[in-house]
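Let's take a friendly look at the charged side chains of a protein and how they pair up. Have the sequence and the 3D view ready as you read.

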Amino acid sequence: MALVTTKKMFEKAFSKNYAIGQFNIGNLEVIQAIARAGQLENSALIMGVSKSALTYIGGGYLLAMVKAAIEETKIDIALHLDHGTDLETVKQCISLGFTSVMFDGSHYDYETNVQKTKEAVEYAHSNGVSIEAELGVLAGVEDEIDVKAENATFTDPDQAVDFVKRTGIDSLAIAIGTSHGAYKFKGDAKLDFDRLETITKELEAAGFKNFPIVLHGASSVDPHSVELCNKYGGDIAGAKGIPTEMLRKAASMAVCKINMDTDIRLGMTAYIRKSLAENPKNFDPRGYMGDGREYVQKLVQSKIKDVLGSSNSLND
């Protein structure tokens with residue numbers, strides 16, 4: 001068994017009206033939980049790694065743990081660089097064995113984004129690696145991303161067509177109202193589905209039929225995890241995410257990949273807090289980390305079934 005690219009994953013997801021989940025990883029227990037959830041739901045999945053997570057884990061450890069997860073579960077897993085903001089990081093991940101990368105030039109002006117993305121595409125494709133890029137700017141804070149709401153911009157449909165045409169990317173991350181982190185909305189959640197539909201139609205009219213769209217910042221910020229965190233000493237007030245029904249609607253359209261990181265972090269932290277509070281004499285990390293792992297596995301299973309709709313897709 002080996003890591004796979006995202007290309008065929010997305011082709012199948014588009015034709016069957018579901019999405020593949022990108023679940024970000026940061027340690028062994030999270031890797032195990034995500035992989036075992038995918039195995040139980042018989043679903044392919046993507047493990048996302050930010051630059052800071054790569055630095056924290058270390059490339060050798062990371063690859064060994066992900067390959068062990070594939071060997072254990074026998075499911076299709078792609079290893080993906082999340083928000084690579086420079087070509088050096090893209091090259092580093094490809095040399096390590098990543099099968100998918102994201103070059104995020106959304107912080108540049110449009111023409112610079114096109115130019116730098118094209119360079120990253122040429123390098124990735126020459127090494128047989130799928131590549132994603134971003135157009136539009138999401139608000140929020142997460143690892144290397146820190147964008148204030150007033151600086152966020154939605155993706156322009158006409159620009160999206162030009163961007164795909166000129167760069168040669170394999171998938172496009174768009175901004176339609178999602179945001180990074182646990183504090184996505186002050187009022188009611190709203191995603192611009194009309195914009196998503198327009199982007200899809202314009203891409204198809206330009207010859208890019210069934211082109212994969214990606215949603216970043218798409219955690220639901222599960223109330224149960226937030227409640228447990230706060231109950232056992234946390235201070236996560238006012239956290240609010242994307243409702244499940246909105247994400248499911250996006251997955252039934254052109255969105256082939258939905259990224260979730262905050263939900264994993266909240267779930268793991270909530271159950272570690274709970275375990276330590278209820279077992280104050282326990283000082284064995286396997287106890288409280290194991291409790292967190294068990295909950296994250298169940299959480300990812302629920303995302304695969306209720307949000308992504310990709311359960312049993314490996315049988316198709």
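This report walks through some salt bridges in the model.

## The overall count

The model you see is predicted. How many salt bridges does the structure hold? There are 15 of them, and three pairs are described below in turn.

## A link between two helices

Start with Arg36 and Glu72, a salt bridge whose closest N and O atoms are 2.9 Å apart. This pair joins distant parts of the chain: Arg36 belongs to helix α2 (residues 28-41), while Glu72 sits in helix α4 (residues 59-73), 36 residues apart.

Are these residues buried or exposed? Arg36 counts as partly exposed because its relative accessibility is 23%, between the 20% and 50% cut-offs. Glu72, at 41% relative accessibility, is partly exposed as well.

## A pair within one helix

Now find Glu278 and Lys274, whose side chains form a salt bridge with an N to O distance of 3.2 Å. Both are part of helix α11 (residues 262-278), and they lie four residues apart, about one turn of the helix.

Glu278 has a relative accessible area of 44%, so this residue is partly exposed. Lys274 is partly exposed too, at 23% relative accessibility.

## A third pair and a network

Asp284 and Arg286 also meet through their side chains, in a salt bridge of 2.9 Å, N to O. Asp284 is partly exposed, at 28% relative accessible area, whereas Arg286 is exposed, at 68%.

Elsewhere, which residues are joined into one network by salt bridges that share partners? They are Glu111, Asp162 and Arg166.

Key:
Residues are numbered from 1 along each chain as its sequence is written. This is a predicted model: local features need pLDDT of at least 70, side-chain atom pairs count only at pLDDT 80 or more; totals for chains, interfaces and linings use all residues. Side-chain values use heavy atoms; hydrogens and water are left out. A salt bridge is a side-chain nitrogen of Lys or Arg within 4 Å of a carboxyl oxygen of Asp or Glu. Buried means under 20% relative accessible area, exposed over 50%, partly exposed in between (1.4 Å probe, protein chains only).
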